[in-house]
Every structure is written in C-alpha cells, then in structure tokens.
Amino acid sequence: MTSASDIGLTVLGIETSCDETAVAIVRQRDGDKPELLANEVLSQIDDHAPYGGVVPEIAARSHLVHLDGLVTRALHKADLTFKDLNGIAATAGPGLIGGVIVGLMTAKAIALVHNLPFIGVNHLEGHALTTRLTNQTPFPYLLLLVSGGHCQLLHVKALGDYVRLGSTIDDAVGEAYDKTAKMMGLAYPGGPALEAIAKKGDTSRFDLPRPLLNRKDCDFSFSGLKTAVRKHVLELAHQGELDNQDKADIAASFQAAVADVLDNRVTRAMQWTKSELGDHPQLVVAGGVAANQALRARLTETCRANGFTLEVPPVGLCTDNGAMIAWAGLEHLAAGHTSPMDLEPRARWPLDKSTTR
Ligand code: KG4
Ligand code: ZN
C-alpha cells in the first residue's frame, strides 16, 4: 500500500450534492500536515430562498453553469495546473441526483482528458473524515454526523470501516432546524437563523418533548419535537402575530430540547464504544449542524463528563464544501483505491454497508 506521506499527493475535489457548488484542492506530502491549497464554495442560497428550501432542478442547473469556472478558479488560487494533480474526486452520492450527476460527470471528464485517477466519494464519508484534514484526528473515533439530510452515530474504525450505532427514524436534525425556522418565517437556511435568535430567548418558556430520551439504543427522532413546536406556533398565532420575543423563546426552547436529545444519545453511544476507542477516546461532530455553537458547547460538556475529547472541523468546513471531498479522495488514493469510470451516481448511499435506512 502506498502512503500519502511517502510520495505526496495533490487531489482536486468537487461537491455538488445539494445547494453548494464547491471545488477544493488538498495536498499532503512527506509526512507533513495536509494543506488546503484552494477552497471555493459558491452558495446557491439566494436562488432557493424565495422557495424556502432547495429546488433540485434549480440546484442542478446552477451547478452546471458555475462548476467549470470554480475548477479554474481553484487551480488559479492554488497556482497549479491539471498536470500537478494526482487525482480528481467528486461526490458520487448520496444527494440530489441531478446535482450529483453534474459533479461526477465533470470529474470523470477531467480525469479522462488529463489521464488522472478518478475517485467517487460518499458525501457522508467526506463529512466523517474532515477533522482528519483539519485536526489530524487518528482512527478510531465516535462520530456524530448531523446535517440537513442525516443524523447518525457511527463508530469510525478505519478508512472505509464504519459501523452505524444509530440514526434518525424520521427527520434529520438540520431538517428539524430548517422546518422549525420556516414555521416562524425565518430566512432560509433555517439553522443559522434559528441559532442567532435563540441567543435572546428563554429556554424554559415552552415545554417541548425530548423524543426517545433514555431509550436503550442510539436512534434519534425529531418529528414529534417539530410537531410540538408547530402546536405552540399555531396557538400563539391564534392570539395575534408572533413577536420577536415569542420567536426567540421558541428557538431557545427548541435548541435546548435538541441539545438534551443529542447529549443523551451521544452518551449512550459513548458507553457502547468507549472500551474500543483506546486510551484517549474522541468524539467527532461533523455536518452542517456541527457549526452550531450552542450544541458544540453542550457536547463539550458531554465529552468532559464521559472522558472523551471533542473534535470538530472549523465552522466553514462543517457545511458542504469541496475540501472534505478532496480529502476523502486523497485518503482513498493514498490507500490505493480508485473508482471505475462507469461508477454510477447514487441518490441514496449509506455509509455503512449493513443497512439501507
Ligand atoms: O452538511 P450540510 O451543509 O448539508 C447536508 O449534507 O445536509 O448541512 C446543512 C444543514 C442545514 O439543515 C442547515 O440549516 C444546518 O445544516 N445548519 C445549522 C447551522 N448551520 C447549518 N443548523 C444549526 N445551527 C447552525 N449554525
Ligand atoms: Zn453535507
């Protein structure tokens, strides 16, 4: 097996699975820390905001319009040409299929024209490995993956060896943030907007449920919480328009409930895995919701209480980006893995092979 530290590798990564068109270039050489040479992210938020959520067709068309330009810009920023690259990686799924096709086909075309290895990356694996790029987190670790489409706890044993401990049985946590924010008329995407107003709110004004708390597994559920919020919003609306303090109190109460649920589920997963995680057990939190400072603070406490250390990517690399795809591609390339040119895009692609939920 060739190791990245022996030869030095430079990989360009493309991410187009949702509403960010992103291209990045990472390099690792001679046992040095990995370097992020370029990280271009074009958010489509303005295109989707009028609809209150991502419109798949608009997303795919926008990726198509902007992707080539972003590839050129990333190479320019890194002061490289295609000849300096050792591989091209792209998200092959899971995600909105139109967007995934745009990124995957672009990566395959570049790889063919420039005779470079091509690596199709699982988007979730990109999130799962990001702190190995930014913090050099060693395997193994416990992973809480919290994004707009996913909410899972995984035991990350090694590259490509992921055991799912639990996942949401209904909504993802980011989805719950987005839907709760939408109910209150907050700007899309809802997560950051809800976090901002929660700072001025009273966490105890609304008594919201903590779904699945203390259940003897590591699964999550957020739809009951969302429904409870809707009930309060409708009751308040019945009495007149929601004022800013009402919204702040709902946001703070919602966020406190989410924090309690995450703390409880993560604590259980820690009990399940601690003996297999070595002398310095680590919890990695990744995905868009990992950008949330209140949840980070709470999970810092969870880690302290259970003898774990918390590893999180910088805020800018929690939400979707090309760096995580370039890095996952580089890790696979270093391990001798490449993908065939007929690799198919996938709307669904569980990280662990064992189940399909
Ligand atoms: O990882 P990501 O960019 O895309 C997916 O793979 O889904 O995550 C996007 C999700 C959205 O639901 C967004 O509202 C949420 O992450 N998010 C946040 C915050 N920033 C982004 N949720 C809570 N607090 C935040 N600060
Ligand atoms: Zn994501």
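**Exercise 1. How many nonpolar, polar and charged residues does the shell around ligand 1 have?**

Before the solution, two notes on conventions. This is a predicted model, in which local features need pLDDT of at least 70 and side-chain atom pairs count only at pLDDT 80 or more, while totals for chains, interfaces and linings use all residues. Residues are numbered from 1 along each chain as its sequence is written, chains are lettered from A and ligands numbered from 1 in the order in which they are written, and side-chain values use heavy atoms, with hydrogens and water left out.

*Step 1.* Collect the shell: 19 residues surround ligand 1, where a residue is near if one of its heavy atoms lies within 4 Å. The closest are Gly148, Asp178, Glu195, Asn292 and Asp320.

*Step 2.* Sort by class (Ala, Val, Leu, Ile, Met, Phe, Trp, Tyr, Cys and Pro are nonpolar; Asp, Glu, Lys and Arg are charged; the others, Gly among them, are polar). The shell has 5 nonpolar, 11 polar and 3 charged residues.

**Exercise 2. Find polar contacts of ligand 1 and say how far the protein covers it.**

*Step 1.* Look for pairs of N or O atoms within 3.5 Å. The side chain of Asp178 places an N or O atom 2.6 Å from a ligand 1 oxygen. His127 has a polar side-chain atom 3.2 Å from an oxygen of ligand 1, and a polar backbone atom of Gly174 is 3.2 Å from a ligand 1 oxygen.

*Step 2.* Turn to area, using the Shrake-Rupley method with a 1.4 Å probe. On its own, ligand 1 has 550 Å² of accessible area, and the protein covers 89% of this.

**Exercise 3. Explain why ligand 1 lies between two domains.**

*Step 1.* Take the bounds from an automatic or database domain assignment: domain 1 is 4-134 + 317-334 and domain 2 is 141-312.

*Step 2.* Both domains give residues to the shell around ligand 1, so ligand 1 lies between them.

*Step 3.* Describe the pair. Their C-alpha centres are 27 Å apart, and 20 residues of domain 1 are in contact (heavy atoms within 4.5 Å) with 20 residues of domain 2. Between them the domains bury about 1,600 Å², 69% of it on carbon and sulfur atoms; buried area is the accessible area (1.4 Å probe) lost on putting the two parts together, summed over both. Leu124, Thr131 and Cys318 supply 34% of the area that domain 1 buries against domain 2, more than any other three residues.

**Exercise 4. Which peptide bond leads into Pro140, and what is its omega?**

*Step 1.* The bond runs from Phe139 to Pro140 and is cis, with omega near -5°.

*Step 2.* For background, most peptide bonds are trans.

Conventions:
Polar contact = N/O pair within 3.5 Å; in protein donor to acceptor, adjacent residues only side chain to side chain.
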